[in-house]
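Colleague: I should be grateful for a close look at a single part of this protein. Please choose one strand and describe how its side chains and its neighbours are arranged.

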Amino acid sequence: MTKRLFSLTLLLKILFLLCTTTSGQPSAPAQAPSASTSTPTQSSPPAPSPTGPSAPSASSAGPADVTTILKKARKFSTFIGLLKSTQMDAEINSELKKKSNAGFTIFAPTDSAFSDLKTGTLNSFTDEQKAALTKFHIINSFLTVSQFQTVSNPVHTSANGNTKDFPLNVIGNGTQVNITTGMVNTTVDSTVYSDGQLAVYEIPQVLLSQGILSPQAQPPAPAPLTPKPKRATPLNSHAPSTSTTTSVDSSEATALPQSAPIMESIGVVVLAALTLCGFD
């Protein structure tokens, strides 16, 4: 009996010590949740739109400016000056702004091409010749390199509708384009610009023609018509006209033959009376 009590007491002490030890120790920290469960998935914020201007589209960019295009190439200063002095740049840019236009094809001579001209040639040109020279390098329609193979020659330019004085023949052969004017034979060196409305091609020579060097003289103005001399006005405005006088004279001439027999009868009577008186 005593052994059982002792055993029971020992067990209670051991249990008490275990409880005391367990309660005295700090509880283990809770296990940190895994990243997949504890960390909420945050959606990344949308990327901000770029603050700089976007590349302009064909519609927002607007029509091309011919002088701006040539300036970027940095070898067409003389031709740019001709376009400005003849106001062809403004005319081309104005036409390109219209919705319906056939476009333009420009053969742009380089500065070296103008330097190859005879000294003083360009300065000796009149304003009319400079305008003709500039327009002779412009075709009033858009032409690609491939279209030069089928274009109808001679090509009409802005210079004049008369292709006799301004002949321009453009012949395409694959990637090469040959140009002849009767005075100049040259080729297209490269495409400076092309957008479907405006095509600018670099050429190494200035295009000349007889219509530029020998412009047709303007026909003289017609001489004014010489006024017909006015008829002299009669002093007496109420004087009978010639027709009236003629009619009167003709009536009198008609009346004289009718009175002649009467006068003859009177004469006979008078002579008879005188004869009788003489006998008495």
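Modeller: The account below begins with the whole chain and then turns to strand 4 and its partners. Please note that this is a predicted model.

The protein chain holds 11 helices and seven strands. Of its 280 residues, 25% count as buried, and the accessible surface comes to about 20200 Å², with 59% of that area belonging to carbon and sulfur atoms. Among contacts with a separation of 6 or more, 65% join residues 24 or more positions apart.

Strand 4 covers residues 176-180, and its side chains alternate between two faces. Val177 and Ile179 point to one face and are buried. Gln176, Asn178 and Thr180 point to the other face and are not buried. In this context, a residue is called buried if its relative accessible area is under 20%.

On one side, the partner of strand 4 is strand 3, residues 169-173, and the two pair in the antiparallel sense over five bridges. Two of the residue pairings may be named. Glycine 172 has valine 177 of strand 4 as its bridge partner; this valine is one of the two buried residues described above. Asparagine 169 has threonine 180 of strand 4 as its bridge partner, and that threonine belongs to the face that is not buried. Strand 3 and strand 4 form a hairpin, with two residues between them. In this turn, glycine 174 has a positive phi of about 70°.

Strand 4 also pairs with strand 5, residues 185-187, again in the antiparallel sense, over three bridges. Here isoleucine 179 stands opposite threonine 186 of strand 5; the isoleucine is the other buried residue of strand 4. These two strands likewise form a hairpin, with four residues between them. Glycine 182 in that turn has a positive phi of about 90°.

Taken together, the three strands make an open sheet in the order 3-4-5, with antiparallel pairing. Strand 3 and strand 5 stand at the edges, each with a single partner strand, so one side of each is left without a neighbour in the sheet. On average, and with direction ignored, neighbouring strands of this sheet are turned by 20° against each other.

To return to your request, strand 4 pairs with strand 3 and with strand 5, and its side chains alternate between a buried face and one that is not.

Key:
Residues numbered from 1 in each chain as written. Predicted model: local features only at pLDDT ≥ 70, side-chain atom pairs only at ≥ 80, totals over all residues. Heavy atoms only, no water. Buried < 20%, exposed > 50% of the residue type's maximum accessible area, 1.4 Å probe, protein only. Contact = heavy atoms within 4.5 Å. Areas by Shrake-Rupley, 256 points an atom, 1.4 Å probe, with all protein chains shown as cover. Pairing = 2+ DSSP bridges. Axes fitted to C-alpha atoms, helices over the stretch in contact; angles between N-to-C directions.
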